[in-house]
Structures are given as structure tokens and as C-alpha cells.
Number of protein chains: 2
Amino acid sequence: MARWQPNASERLVLAALELFEERGYENTTVIEIAERAGLTKSTFFRHFPDKREVLFGGGTMTGLLVDGLDAAPAGASPLETVAHALDVIGKKAFTPDRREFGARRSAVIAANPELRERDALKQLSLTASMVDALKRRGVPDLTARVAAELGALAWKIAYERWRDTANDDDFGQLARRILNDVRAASARC
Amino acid sequence: MARWQPNASERLVLAALELFEERGYENTTVIEIAERAGLTKSTFFRHFPDKREVLFGGGTMTGLLVDGLDAAPAGASPLETVAHALDVIGKKAFTPDRREFGARRSAVIAANPELRERDALKQLSLTASMVDALKRRGVPDLTARVAAELGALAWKIAYERWRDTANDDDFGQLARRILNDVRAASARC
DNA sequence: AGCGTGATGGGACTTGGTCTCATCACTGTA
DNA sequence: TACAGTGATGAGACCAAGTCCCATCACGCT
């Protein structure tokens, strides 16, 4: 019998998600999560810096976003650049097999203030990364900030819709449509 | 000798701000904050739900914002409505005598991840309040969300500038100018 | 078989945060 | 002046998050 089962992180994530669904985030201790995953508290904190982060791990999102922005065609407008990045992210991170997990995760986050707070921080830091990447492409500061905010909004809406609908809509196309709507709406402000 | 000095909350806020400046947020315990304010840990948590909140108290901001939005002239466009609200907030919350405190507070927040996280949550919930208030005025959903994001961005930029400049610029006028810039920038996206 | 590496277990420790009960200051009333 | 009620505070037990250090075990390599 192997002492080290594989995929310790994934097991911790799944155990945490289940327990949060069953009794709620604040009625679940880190020790309980670890035990359900066949591990201990020490090991939990070796995989995640804190209890909240178990639902926000990976952190690869920022990398994908920045890659997508950097890889956009040179002549693209700021919002076209963002759309390109959302396309890349959609293909690599929002695959259909992750839809159910995303929905369950979102429900748990929505139900708890601490998790919503962490979510807010992630959103903000993603927006900040977008601003930096756009500025690196030569987009002036204020334009970059506006484009990043609009892009982040489109992302958020697209994610909500992708997560809540059963059909296999491609996230990239969804985001593109919504980004167009957002652009149109910004003209009516 | 009175046992109850007045302004317990204010004393706690000031003590916390000083200690965070001196040794940093994470090297300061709640007990130390309370002691400097001549109080105890129990009393601290009676005034603030947690350690972070000592720098985010009041919470009157949301109320002022919503009031300002509701009080805007009926025919105003979404962004004009937001500008009106920023005017109201500027007059009531961003008075010159609060500038120094705001600057010190911002520096402390910027230096600590936990505080930045709380700040992110506050920003997000303010934006959500704006969306609700705009929708209550009849603004369609997507337009409201876009206007709120642009307004929040203008607010953030205006606040940074108001806080960092010594001259007594009126916050409302500052925000109005920046909101115009933001609107112009959104057309260039 | 022996060795080094890396992931894990275990437990002590600090601190944030909750809860309960006692205590004190202030107010009004007789 | 005496007394009771109210509200803010103090004191301390208690739990869970998070840190730290050290021992232990599995695995690959020689």
C-alpha cells in the first residue's frame, strides 16, 4: 500500500468542495478536508497557502491571459486584443469537462463572504495583469485601464453564462459576443 | 478619572494606523492595538468584526453613493448620474481634512495583501451597489454594469489623484474630469 | 544493501475571532 | 442620598487558522 497516493492537490480540492457543499465553508475545518483526502493539516498547508485558496489554486489563469494578450496580432485594437486572449483562455481552461466543477465551485463561493472576498482579489489582480500586458503593447495608460475593465466585465458575464448553460457553447465565441455587447453599451452611457 | 474615554472607535482606528505604519500590519496584534487605545481585545471586536475592518469602517460610503445616484436628475444619462453621485460623495466624504488620513491609510493597505484583499471586496461591493441603483432608475442591465465599472474606475483614479496631491482640488470636479476622460478612452477601445 | 531526496506526519505554538459572565460608569427616580 | 437599570467594558476560556520544526517514510539511484 503506497503511502503517497497521487494527485494530493486535486484530492484536497475535491474533498474541500464536497465538504463545503455539505456543511458550508465555515463549518468545515482544514483538518476535516485533509482527512477526507487521506492527508493531514500539515500537508494541506504545504499545497495551499490558506484555506480559501483551495478553491482558487492553479493560478494558471493569469499566465494564460497574459499569453493570450501578448500573442494577439500587432494591429489589433485594445478590445480585439482582449477578445483574442479570451479565446485562448476559453480553449485551454474552459473546456466542457470543467463546466460542472466550475458551477459547483461558483455556488460555494457565492455562499460565503470569505470566499467572495478572495474572488474579488483574484478579479482585481487579473484586471491589473491585463492593464500591464496592454501597456506593454503600447496602449496608453487610461485606454488600457478602460479596456481591461470592460474586458473583465465581459469575462465575468461570459463565465456566468458558460457555467449556467448546459449546451457546449465555446467560451471564446461567447466572450466575443458579449464583449461586442459591452462595447455597444459603453457607447450608450 | 473616567473609565470610558470618548470615541473608542476613532481611537482604535488611529492606534491601528500608527502601529501598522510602525511595524506593519502582520507584526501588529489586535491586543497591541487595543492597548494603545487604552482598551482590550474584547472591546476591539465589539467595534470591528475583524482586524482588517478597522481601516474600512464607517461603511457610510455605500450609503452616500446610493443617495447620490438616487438624487440625480431624472433625465441624466448613466454616466451623468454617476458623476452626480461622485459630486455628492466628494462634498461629504472627501473633505480636505481627511486627505492626510486617506493617504496614510492607502499606504498601509497597499503594503499588505490581506488589506488589499479587503479593499478589493469593498470596491466590488460598491460597484454592485451602483449597478443596483442604476437599474432602479430604469437603466438596462448591461448598460448599468458598464456604467458602474467605468464609474468605479473613474472613482479609483480620482481618489488616487486627490489623495496624492497637496492642492485642495474638489473631489467632485476631479472625478467629473476623469469620468470624461474615461468616456473618451472607452471610445478608443 | 546503502544513500539522498522529497513528500508526508506530528505536535507545539501564536494569533484571530467567538462566547459568556462579571464589572464598572452613567442615568433617572424616589 | 440611595438605589435600580442600562450600556460599554474587562477577563478569560475556547476553537480554528496558520507557522514552524523535526521525525518518518517512500522512492530512485548507485
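In chain A, 28 Å separates the C-alpha centres of domain 1 and domain 2. Those domains cover residues 8-51 and 56-188, with bounds that come from an automatic or database domain assignment. Keep in mind that this is a predicted model: local features need pLDDT of at least 70, side-chain atom pairs count only at pLDDT 80 or more, and totals for chains, interfaces and linings use all residues. Residues are numbered from 1 along each chain as its sequence is written, while chains are lettered from A and ligands numbered from 1 in the order in which they are written.

**Chain A at a glance**

- Chain A has 9 helices and 0 strands; helices (H or I, at least four residues) and strands (E, at least two) are DSSP runs, numbered from the N terminus.
- Its C-alpha atoms fit a box of roughly 55 × 30 × 30 Å along the principal axes.
- Of the 189 residues in chain A, 36% are buried, where buried means 20 or more other C-beta atoms within 10 Å of a residue's own, exposed means 12 or fewer, and partly exposed is in between, with C-beta atoms placed from the backbone.
- Take the contacts in chain A with a separation of 6 or more: 60% of them join residues 24 or more positions apart. A contact here means that the C-beta atoms of two residues, placed from the backbone, lie within 7 Å.

**Where the two domains touch**

- Domain 1 of chain A puts 9 residues into the contact, and domain 2 of chain A puts in 8.
- The domain 1 side splits into 5 nonpolar, 2 polar and 2 charged residues. Ala, Val, Leu, Ile, Met, Phe, Trp, Tyr, Cys and Pro count as nonpolar, Asp, Glu, Lys and Arg as charged, and the others, Gly among them, as polar.

**How chains A and B pair up**

- A turn of 180° and a shift of 0.0 Å along the axis lays chain B on chain A with an RMSD of 0.0 Å. That's the relation of a two-fold axis. The fit is by least squares on the C-alpha atoms of residues with pLDDT of at least 70 in both copies.
- B:Ala120 is the residue of chain B that comes closest to the rotation axis, with its C-alpha at 2.8 Å.
- Chain B and chain A each bring 24 residues to the contact. On the chain B side, 8 of them come from α8(B), the largest share.
- By class, that chain B side has 13 nonpolar, 3 polar and 8 charged residues.
- The copies meet through the same surface, because 100% of the interface residues of chain B are also interface residues in chain A.

**A look at helix α1 of chain B**

- Buried residues in α1(B) are B:Leu12, B:Val13, B:Ala15, B:Ala16, B:Leu19 and B:Phe20.
- Their cover includes α2 (30-36), α3 (41-47) and α6 (99-110) of chain B.
- Just after α1(B) comes B:Gly24, with a positive phi near 90°.

**Two alanines in chain A**

- A:Ala175 is among the residues with the most contacts inside the largest nonpolar core, a group of 68 residues. Such a core is a set of buried Ala, Val, Leu, Ile, Met, Phe, Trp, Tyr and Cys residues joined through C-beta atoms within 7 Å.
- Leaving aside neighbours within four places in sequence, A:Ala175 has contacts including A:Ala83, A:Leu86 and A:Trp155.
- A:Ala76 sits in the loop between α4 (60-70) and α5 (78-93) of chain A. This residue counts as partly exposed because it has 14 C-beta neighbours inside 10 Å.
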